[in-house]
Amino acid sequence: NLEDTVAFSPPVPMSEVVQAASTSDIGIIPYKPVCLNNRYSTPNKLFEFMTAGLSVVASDLPELKKVIESEKIGLTFEAGSAESIATAINTLASDPERVTKMRAKARSAAQRRHNWTVEEKKLVSAYKHIPTPKGLSRIWKIQHAVRQYL
């Protein structure tokens, strides 16, 4: 009996994820710490949800928790616990004003800090310290590599 409260959207192409997500209020990231990659990751979904202006409910894994709590954009729950995830979702669902504030903070955080424009500078700076063969411009190499993925 959740049809009026919970919506499971159909899959969309990657280019439409943010737009499709923006029609929701809460994004959920139920990662389990089954390996180090999951434990310490910040999945793309987190940043897509932030860009879409969603409050976030996610597993209380270190990096997810760090972003969610520092930006004040959502709640975390005990990974793998149905009761814990239900409590987090119900806490937000019962407080629309809080969700509205978190959504604004998420969108703001995505615009000012958690985006490619900001992260690109960090990446390029890190690559500048990698030794390269003589005669090959480090900047050209970096820009060429980055543009291949854009």
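In this predicted model, the buried residues of helix 3, which spans residues 44-52, are Leu 46, Glu 48, Phe 49, Met 50 and Ala 52. These buried residues pack against two kinds of element: on the one hand strand 1 and strand 2, and on the other helix 1 (17-21), helix 4 and helix 6 (96-112). Just after helix 3, the backbone at Gly 53 adopts a positive phi of about 80°.

The strands contacted by helix 3 belong to an open sheet of 3 strands, in which the order is 1-2-3 and the pairing is parallel. Its edges are formed by strand 1 (26-29) and strand 3 (74-77), each of which pairs on one side only, and from one strand to the next the twist averages 15°. Strands of a sheet pair through backbone hydrogen bonds, in either a parallel or an antiparallel arrangement. Between strand 1 and strand 2 (residues 55-59), the parallel pairing extends over 4 bridges; with regard to individual positions, Gly 27 has Val 56 in strand 2 as its bridge partner.

Two further helices are placed in relation to this sheet. Helix 4, comprising residues 62-71, lies across strand 1, strand 2 and strand 3, and runs at about 150° to strand 3. Helix 5, comprising residues 82-93, likewise lies across strand 1, strand 2 and strand 3, but the angle at which helix 5 runs to strand 3 is about 165°. Helix 4 is thus described both by its position across the strands and by its packing with the buried residues of helix 3.

Technical notes. Residues are numbered from 1 along each chain as its sequence is written. This is a predicted model: local features need pLDDT of at least 70, side-chain atom pairs count only at pLDDT 80 or more; totals for chains, interfaces and linings use all residues. Side-chain values use heavy atoms; hydrogens and water are left out. Two strands pair if DSSP finds at least two bridges between them. Axes are lines fitted to C-alpha atoms, for helices over the stretch in contact, and angles run from 0 to 180 degrees between N-to-C directions. Contact means heavy atoms within 4.5 Å. Buried means under 20% relative accessible area, exposed over 50%, partly exposed in between (1.4 Å probe, protein chains only).
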